[in-house]
Amino acid sequence: MATMYGDTRGNRYDNSQPESVVVLGATGSIGVNTLDIIARHHERYRIFALTGYSQIERLKQQCLVFKPVYAVVGQEQEAKLLRAALQDQGSKTQVLFGPQALIDVCEAPAVSTVVAAIVGAAGLLPTMAAVKQGKKVLLANKESLVMAGSLFMQAVQKHKAKLLPVDSEHNAIFQCLPEHFESLDDAGISRILLTGSGGPFRLHDHAALQSITPAQACAHPNWDMGKKISVDSATMMNKGLEFIEACWLFGARSEQIEIVVHPQSIVHSMVEYNDGSVLCQMGMPDMRTPIANCLSWPRRIESGVERLDFTRLAHLEFHAPDFERFPCLQLAIEAINCGGTAPAIVNAANEVAVAAFLDNKIRFLDIARVVAEVVSVQSSSEPTCIDEVIAADSEARERSSHFIASIH
Ligand code: NAD
Ligand code: MG
């Protein structure tokens with residue numbers, strides 16, 4: 001199994017010039033946090049392109065502040081609105097739209113760094129385009145790695161891209177690895193301890209989980225995130241997707257990863273070495289820390305994050321996960337063990353089910369039912385190209401919609 005960085009962990013980029021950055025998903029939670037850091041270090045970073053699907057007013061404000069060469073939106077209609085609004089303000093930013101424009105800005109030779117912060121499968125193709133151009137890729141869009149893990153990691157190696165994990169757990173693990181990391185075995189690592197808060201319903205029993213509303217599911221106790229990942233955290237599918245993400249990023253086998261529920265979200269994950277040492281990365285639950293770490297790696301920059309006050313940390317708890325109340329966790333682990341397109345199918349079914357839940361079409365516990373139903377009839381052959389992944393994704397979406405219609 002290929003691991004991240006390949007032989008590119010050394011910094012081959014010229015730090016004397018500002019880095020030219022594309023922020024995919026600039027209007028989302030990760031995008032906004034990324035721009036917050038970039039604004040603190042405007043001498044180091046220049047924005048080449050900002051993208052957002054529909055929040056045109058927010059994207060307009062971002063364009064006026066960061067003056068990108070391009071802004072990319074989802075549809076032509078939004079592009080017209082944004083173009084007119086920007087021209088009114090004397091902005092020179094050019095406005096593009098649609099999936100190909102996302103790919104085009106990522107592939108531009110002027111770009112050195114791409115922040116992959118689109119939510120869901122829509123992030124796959126632009127992120128892959130950045131990888132194939134050998135860019136520095138800051139990966140928040142875990143779904144692209146879940147869908148196409150082996151092809152994605154092969155492309156990282158082949159094109160000497162530099163892949164840096166933004167997801168807080170994976171960034172924590174990354175920070176706990178030795179500098180010249182080749183493989184877990186080579187580094188003397190016995191286990192990765194992947195922590196998770198357990199979500200807002202950690203202590204709810206099965207009956208209470210029945211009646212969870214979208215608003216309750218989106219209110220995470222420790223993190224302020226987009227709706228989809230908030231629901232994923234509530235079902236613990238997020239931890240399942242992160243389990244798959246960790247397998248690919250660190251070349252880990254399933255049995256080398258243990259999920260640990262840690263409700264305070266202060267320890268962001270741990271690495272256990274053969275000699276019994278356990279290294280962890282700690283910090284306030286604020287995504288600006290992992291984003292800043294990736295942006296400036298291997299150096300460190302100020303992120304604006306509040307400091308940990310150890311005198312106020314009364315106690316830190318660690319528990320085993322409950323696979324019965326949170327079946328999505330098991331479904332994701334089984335998918336990576338099964339291999340092939342199973343993780344892509346789980347991801348697609350989950351995306352459709354979460355959207356239906358947010359739309360009040362199914363209940364909270366139905367999300368796992370949809371995923372279980374759709375993944376049960378999947379084939380497990382290893383995809384040889386991205387088109388096969390996309391075909392599996394489309395087919396799983398269709399089956400998910402049918403199943404949802406049957407239980408709605
Ligand atoms: P969000 O919903 O706040 O933002 C998503 C962004 O993607 C927005 O800019 C939106 O316009 C864009 N987008 C949505 N659909 C699109 C489409 N079809 N085409 C193009 N752009 C589209 O989500 P978020 O919370 O910022 O999460 C983004 C990614 O980062 C997700 O993959 C998530 O799992 C991951 N992540 C988020 C956090 C967090 O704290 N928010 C933590 C770790 C990982
Ligand atoms: Mg995470």
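This section walks through the metal site, the surroundings of ligand 1 and a few backbone features of the structure. The model is a predicted one, and the description below should be read in that light.

A good place to begin is the magnesium ion (ligand 2). Three protein residues serve as its donors, namely Asp 167 through OD, Glu 169 through OE and Glu 242 through OE. Their distances from the ion span 2.1 to 2.2 Å. Along the chain, these donors of the magnesium ion (ligand 2) are arranged with the spacing D-x1-E-x72-E. Asp 167 has a relative accessible area of 6% and is therefore classed as buried, the cut-off being under 20%. Glu 169 is likewise buried, at a relative accessible area of 8%.

Attention now turns to ligand 1, which has 22 residues around it. Thr 27, Ser 29, Tyr 53, Glu 143 and Gly 226 are the closest of these. By character, the shell around ligand 1 comprises 12 nonpolar, seven polar and three charged residues. Both domain 1 (6-173) and domain 2 (176-407) take part in this shell, each supplying at least three residues.

Several polar atoms of the protein lie beside oxygen atoms of ligand 1. For Gly 25, a backbone N or O atom is found 3.3 Å from a ligand 1 oxygen. For Val 119, a backbone N or O atom is placed 3.4 Å from an oxygen atom of ligand 1. Glu 143, one of the closest residues of the shell, contributes through its side chain: a polar atom there sits 2.6 Å from an oxygen atom of ligand 1. On its own, ligand 1 has 820 Å² of accessible area, and the protein covers 85% of it. Two or more residues of the shell come from helix H1 (29-40), and the same holds for helix H6 (142-158).

The backbone also offers some details worth a look. Trp 297 and Pro 298 are joined by a cis peptide bond, with omega at about 10°. Pro 298 belongs to the loop that runs between helix H12 (288-296) and helix H13 (327-338).

Two serines have positive phi values, as residues other than glycine. In Ser 265, phi is near 50°. This serine occupies the loop connecting strand E9 (257-261) with strand E10 (267-273), and Ser 265 is buried, having a relative accessible area of 4%. In Ser 269, phi is near 150°. Ser 269 is part of strand E10 and also counts as buried, with 0% relative accessibility.

Finally, two pairs of residues illustrate how separated parts of the chain are placed in space. Pro 18 lies in the segment that precedes strand E1 (19-24) and is partly exposed, with a relative accessible area of 26%. Between Pro 18 and Arg 46 there are 6.0 Å from C-alpha to C-alpha, although the two are 28 residues apart in sequence. The second pair involves Asn 238, a residue of helix H11 (residues 237-250). Asn 238 counts as buried, at 7% relative accessibility. Asn 238 and Ala 332 are 94 residues apart in sequence, while their C-alpha atoms lie 9.3 Å apart in space.

How values were computed. Residues are numbered from 1 along each chain as its sequence is written. Chains are lettered from A and ligands numbered from 1 in the order in which they are written. This is a predicted model: local features need pLDDT of at least 70, side-chain atom pairs count only at pLDDT 80 or more; totals for chains, interfaces and linings use all residues. Side-chain values use heavy atoms; hydrogens and water are left out. Donors are N, O and S atoms within 2.8 Å of the metal (3.2 Å for Na, K and Ca); water is not among the atoms, so sites may look incomplete. Buried means under 20% relative accessible area, exposed over 50%, partly exposed in between (1.4 Å probe, protein chains only). A residue is near a molecule or strand if one of its heavy atoms lies within 4 Å of it. A polar contact is a pair of N or O atoms within 3.5 Å; within protein, one must be able to donate a hydrogen and the other to accept it, and residues adjacent in sequence count only if both atoms are side-chain atoms. Accessible areas come from the Shrake-Rupley method with a 1.4 Å probe; for residues, only the protein chains shown count as cover. Helices (H or I, at least four residues) and strands (E, at least two) are DSSP runs, numbered from the N terminus. Ala, Val, Leu, Ile, Met, Phe, Trp, Tyr, Cys and Pro count as nonpolar, Asp, Glu, Lys and Arg as charged, and the others, Gly among them, as polar. Domain bounds come from an automatic or database domain assignment.
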